Amino acid sequence: MNNRELLCTLENGGSVLGFALEESRYIKELSCTMWTLLHTVGGARVVFFDNGSEERCFALSFPAYPEDDTGVFHIIEHCIVEGGTKYPVRDWQDIGPQHSYFGAFTSLTNTMYPLAARNEKSFQDFVKIYTDCVFEPAFKVSRFPLMQEGWHYEYDEAADKLRATGIVLSEVKACHDSAEYLQLINRYKAAFPNSPYARDIGGAPENVPDLTYEHFAETHDRFFRPENCLACVWGGAELYGVLETLAPYFEACPATGNKPTADIRPALWNGEPLRLEYPVVGSTANRAILGFNWVFGPERVGVIAAEVAIRLLDGRLRQALSKRGFGSRLSLVCEKEPKYPMITAVVSGVNESDLDGVREAITDGVKLLIEEGPTEDEWRSALTKTEFAIREGFGLVPEGIQAALNATEAYVNGYPMHKSFLYADCLTRIRESGWPEMRSFIKRVFPDNDRHTEFVMVPSANLAQRREKAEQLRLHAARVRMDADELKDVAAKAKALAEYHAAPDDPAAIANLPRTQICDLPRKMPCKTMEECETRSGKVLWLDNGESIVRMTLHFPVKRFDEDFLHRLGLLSLVLGKVGCADLSAEELGVRIGIYFGELRSAPAVYSPEDGDRLFFEVTVSTLPDLWKEAQRLLKTILFESRYDDAAAIRTALQNYVSRAETAFPEPEERVKAYFSHGSAAMQHCAGQGFKEYVSGLLADLDANMPLVSRQLGETARCVLDPGGAAVGLSCSRKLFDEVKQKLAFDSHPEPGPVCATPLIPPRELFRAAGNMQFCAAGARIEHISGALLAAVEAAQRILSKRLRDIGGASRVSAGLPPERHLIMQTARDPNLSSTIEAFTDVRSWAGEIDAAELGSAVIAASARFGERSGQGAYRRNRDYSFAARDYWNGITFDEKQRLWTELLEATPKQILEAVSVIEKAASERFYCAWASEKKIGTDGDLFDRRM
């Protein structure tokens, strides 16, 4: 039964496989009809977004109301991907169907299991496997998934000590070292105490070991029932096939009417902020984080109004903070996920003693806006920014998954799902009602709102050590409580878990697994490519992305690579668009940017064609078609007429950067690239640790340094931002392109620029991070990429991941071979760096373990990854363009992609195994590691000194 027949039957009151039509609505914002079906026995709902998209998306969602901080929903999420009872294959996502997106995540209100695929057979097969994993997971018949993914004890008989370990346990230890993560958790603890929102949805490290198997299984049985389930289907998928898969699970579990509920009530202001600590390395001065929450009503128009309000307030609050001497980092966001949305303001880079002053500054900023009101330009800017933000979405997942997220948030909070997509009418109402109505809204949310709470995050230089000591005390207490028989049981379970890891999946189960075969893949590479098009302004690069938003990227070749100039280049990227230009002040310029641009971003970028690395300074903007002409005019002013003499604006930009850099995690992939790529090494001087120290040095006495900074910024801009030397890239729909190129205001000369031949990076670098965060990365430059090598990298990733889990190593291993000809192998949140390095450099020992079936699966996995990189499944809004631009500048043509695609599909097991030698060489060539504690440095430092 095709989709038209099925929907027609439902629309006429019929039933299909136990599903009846609940409602259908056309959503103009999505340009499609949203069909909501109800399973009459199980009580589950299925939402079908009928838009014919080639990228088919599917998601199963459930409410998540944790009752403790054990991270039970997070651990269930990890365990579910370990296989189901019908398909008991642990690595099904690697050897099963091809996919362009696969994930599982747990948020404040719900837990979701999404996937996307462009191949219809793969999509339907993936739905079958994932549905079985979600409703009938393997952990229902085995405790090993909980032990592996959650936590378990191990006993060191020689030292007579217990150790608690597990994938999630290691992961959340790292998360609790992140100020950004703790900030998200703590804002909800302050605003919604004594509710599920106050729980740590990921799990607190000290509480994860409290999770028992009984509570774990009972939570799954209670929440993961069909009557709690929302299934979302997006695109041109055959809906009947999805319903056919879901129906037996829904039929087998009739609705009881006992759906889980939660008492969600926002707190009232009691005069006392919630006070917490977070770990830092080094000085704690000016590193406190102050947070302010204002909870408001759940109506959808209020959420849109809040988005407009925070954009009107942003400038006023920054001015008020600056006036009182707090040149701090301000984050102002509307949290839409909870049942009662809220606006949160976070100010970082201050001291705890500044709380009263910051509170008064925020109060003054709100009062000033209410009394004065916005200018006409500020009003237009706020509306435009809001529209862009809504249209763009998160941009980190496929569009269909984003739709499922929106529908799920409404569903679990008890609101009509279709209203989560309606923004056009809301914006129209706000625009027509104007400032008077917005003024009333801002008064209700801020000064007249008693649902206001605060939190203070205080930096601590010894928190990591105190946490480790507390953990050792807990482990010691657990050891004391155990007798000899219990210790034997711990050892036996750990041994059984190791044997479970080592045992291969049942060949019969693998044979029963629905799988994409190589013959199912198209012979012609499904690929988005960038075209060279002649215009009256020269040759431009264009990618058809089918969107109504216009994106433009200007590529300016960098011609100097000395360290001083690269520091100045990084400085330019921080201040561009944030200082006054022509007759506009910095504040006025910010307003104009908000009116005409959805995005304005500038940053150095490195490209690696065969003849050597090249460095570009890239400026990217996005705008609406009717704003295109004025947007280009404003961009010209920013690029070529900026004044770099506004000390206040420059100070704010630099302070914001340093504040971000203080809490940023290391990026091992970029660091290890820098060891063997001159262009990447040079870029470290635009954004690395040395650049942060350079910026901090300028800030230490900016008033005295200001004349030099101003002169150097101007010189750097004139040297790099050559009006006649940019290459113009455009990304928009084919329908818009003819109109856009006629109004192009930039001359375009797509030249590659000079080769960067200077490494500019020390031979050895260690990065210190707070707490438990650990990384390891290895890599090399690959001179010749083959299809067999693409498959070999996928096989390496899979085997290494399994091996390292067996021996307590990395929680996750990823290996990437993008067309820049860099092979990167890395781990994240690694509890055992030593085992990782040994495994990376001992590739030959595991090469013989790969059988022909696994090699065939590696080809399928590589085809999905390579297709995604080539634009086949490029789900991030601007990623398709950035990938295409990267390929263009690296000299990778469609013919070369087609060659790799053909080689990949035709790769033999022998060729793939021969490619392992390339990986072995790469894994032994360069290392980058990041430690988290003095203990780790003392234990493993000599090992890494030998390897690096």
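1. Helix α6 (residues 167-175) is mostly covered, with nine of its nine residues buried; buried means under 20% relative accessible area, exposed over 50% and partly exposed in between, using a 1.4 Å probe and protein chains only. Among these buried residues are I167, L169, E171 and K173. Helices (H or I, at least four residues) and strands (E, at least two) are DSSP runs, numbered from the N terminus.

2. This is a predicted model, in which local features need pLDDT of at least 70 and side-chain atom pairs count only at pLDDT 80 or more, while totals for chains, interfaces and linings use all residues. Residues are numbered from 1 along each chain as its sequence is written, and side-chain values use heavy atoms, with hydrogens and water left out.

3. An open sheet of six strands follows the order β16-β17-β21-β18-β20-β19, with mixed pairing; two strands pair if DSSP finds at least two bridges between them. Strands β16 (531-535) and β19 (599-607) stand at the edges with a single partner strand each, so one side of each has no neighbour in the sheet. The twist averages 25° from one strand to the next.

4. Strand β18 (550-557) has eight of its eight residues buried, so the rest of the structure largely encloses it. V550, M552, L554 and F556 point one way from β18, whereas R551, T553, H555 and P557 point the other way. Eight bridges join β18 to β20 in an antiparallel arrangement, where P557 stands opposite F616. Five bridges join β18 to β21, also running antiparallel, and here L554 stands opposite V728.

5. Strand β21 (residues 727-732) is also joined by four bridges to β17 (residues 538-544), and these two run parallel. L541 stands opposite G729 in β21.

6. Helix α20 (residues 628-640) lies across β18, β19, β20 (614-623) and β21, at about 25° to β18. Axes are lines fitted to C-alpha atoms, for helices over the stretch in contact, and angles run from 0 to 180 degrees between N-to-C directions; contact means heavy atoms within 4.5 Å.

7. Helices α11 (residues 355-372) and α14 (residues 424-445) pack at about 155°, with their axes 10 Å apart. They are therefore roughly antiparallel to each other, a term for angles over 145 degrees. V366, L369 and I370 in α11 meet W435, R439, I442 and K443 in α14.

Note on methods. Angles under 35 degrees count as roughly parallel, over 145 as roughly antiparallel, 65 to 115 as roughly perpendicular and the rest as oblique.
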